[in-house]
Each structure stands twice: as structure tokens, then as C-alpha cells.
Amino acid sequence: RHCHWRKRLYNILAMVLLALETVTRRGSIALVVDGACRAFEGDTDRTHAERLPGDVTDWLAKHGLGLAAVDCYAVVSGPGSFTGTRVGVAAIQGFALASGKSVIPIPTLDAVASGWLDRTPPDGAVILTITGDEEGAGKDGTRAILDWMADRGEAMSVCLVGEPTCP
């Protein structure tokens, strides 16, 4: 089946990538064709299990494509909502296994940081802090890192804070 987006440039066909994010309640689906991205966010009134796989096939159909046109799949693989992540990964694995295509797992933090950095490029270093002491007084978590940096005259232009579940 010929895709109207697929054009030849130097005898190279355009790639069609379908990406799915279900680690959040809303979730999202993105379709990338030859570098152009079209995406939409899901409906929070329905669970991922209720929306998938229909949202994916509907999104493809809206763009004149079917599952056969997809060259590769990507899925946000967590951490995130346990059930949402399982539903999304299972849906993408099902599509990929049925079509013999590859799946690219994308860790949640990579997806979040990538999207944010595209919109807000830092003017210096980006620091990622992952601490386990953000509940209560939080004296040994992010606050301690900021105090330590201030004492030494250090500063950062951007800081991404990750807080794992505290023991």
C-alpha cells in the first residue's frame, strides 16, 4: 500500500514512526512521517484500556494510514502509572509482533526532559537530582543540594528534580 506521505528523496523512503505514551492519565499518540510530527493527547474520561487499540488505529486512519504503513513503534516504558504503562506497552508489542516491526522503549524521564529541552534550551548545565528525602522537612533532599551549591558559590541554569517513592 502506498502512503501519500512517502516520497523518494535520494532513493530513500520516508520512515513512519508511531509513538505511544500511557504513563500519564491523559496519554498521547504521535505519528512521525519523514521528520514531521503530528500528535494528540488522550481523553481523561476513559482509561487507556478503554481507548486502545482504537485510538491508535483511528489516528492512523485520520492521516490516511493503516498499521501496515508503520515502520517502527516507540512507547514510553516507565516509570509511570503501573496499569497505564502495561496497557501501552502491551498494545505496542501487539502491533509490532503482528507486523514484524521493531519497538523502541523510551524511559519516562527521557521523554519528559527531551520535550522540555526542545522548548526551553538551557544556557548552561542541566542538572538532574534524584533524592529520597522530599517528604516532611526534606532536609537531606533537594534543599540540601541547593544549600551545598550556594555555600560554594555554584549555580545551575536548569534543574530537573526526580523524587522516587520514599521508604
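Reader: Which residues lie nearest the centre of the largest pocket?

Author: The model is predicted. In it, the largest pocket is lined by 25 residues. Those nearest its centre are Ser28, Val76, Ala111, Val112 and Gly115.

Reader: Which element gives the largest share of the lining of the largest pocket?

Author: Strand 1, strand 2, strand 3, strand 4 and helix 4 (108-119) each give two or more residues to this lining. By kind, the lining residues divide into 17 nonpolar, 5 polar and 3 charged. The largest share, 8 residues, belongs to helix 4.

Reader: In what order do the strands form the sheet?

Author: Strands of a sheet pair through backbone hydrogen bonds, either parallel or antiparallel. Here the sheet is open and its pairing is mixed. Strand 1 and strand 2 are antiparallel, with 6 bridges, while strand 1 (residues 16-21) runs parallel to strand 4 (residues 72-78), with 4 bridges. The 5 strands stand in the order 3-2-1-4-5.

Reader: Why is one side of strand 3 and of strand 5 left without a neighbour in the sheet?

Author: The order of the sheet is 3-2-1-4-5. Strand 3 (36-41) and strand 5 (102-107) therefore stand at its edges, and one side of each has no neighbour because each has a single partner strand.

Reader: Which residue of strand 3 is the bridge partner of Ala30?

Author: Ala19 stands opposite Ala74 in strand 4 and opposite Ala30 in strand 2. Strand 2 in turn pairs with strand 3 in the antiparallel sense, over 6 bridges. In strand 3, the partner of Ala30 is Ala39.

Reader: Which residue takes a positive phi in the hairpin of strand 2 and strand 3?

Author: The hairpin of strand 1 and strand 2 has 6 residues between the strands, and there Gly27 has a positive phi near 70°. The hairpin of strand 2 and strand 3 has 2 residues between the strands. In that hairpin, the residue with a positive phi, near 50°, is Asp34.

Reader: At about what angle does helix 3 run to strand 4?

Author: Helix 2 (residues 54-62) packs on the sheet, touching strand 1, strand 2 (28-33) and strand 3, and its direction makes about 35° with that of strand 2. Helix 3 (residues 82-99) lies across strand 1, strand 4 and strand 5. Its angle to strand 4 is about 160°.

Reader: Why is the pair of Phe40 and Trp59 counted as tilted?

Author: The structure holds 2 aromatic pairs. One of them links Phe40 in strand 3 with Trp59 in helix 2, 19 residues apart. The ring centres are 4.7 Å apart and the planes stand at 45°, so the pair is tilted.

Key: Residues are numbered from 1 along each chain as its sequence is written. This is a predicted model: local features need pLDDT of at least 70, side-chain atom pairs count only at pLDDT 80 or more; totals for chains, interfaces and linings use all residues. Side-chain values use heavy atoms; hydrogens and water are left out. Two strands pair if DSSP finds at least two bridges between them. Contact means heavy atoms within 4.5 Å. Axes are lines fitted to C-alpha atoms, for helices over the stretch in contact, and angles run from 0 to 180 degrees between N-to-C directions. On a 1 Å grid over the protein atoms alone, a cavity is a set of points where a 1.4 Å probe fits but cannot get out, and a pocket is an open set with protein on both sides within 12 Å along at least five of seven lines; lining residues have an atom within 4 Å of a point. Ala, Val, Leu, Ile, Met, Phe, Trp, Tyr, Cys and Pro count as nonpolar, Asp, Glu, Lys and Arg as charged, and the others, Gly among them, as polar. Rings of Phe, Tyr and Trp (its six-membered ring) pair if their centres lie within 6.5 Å; planes under 30 degrees apart count as stacked, over 60 as edge-to-face and the rest as tilted.
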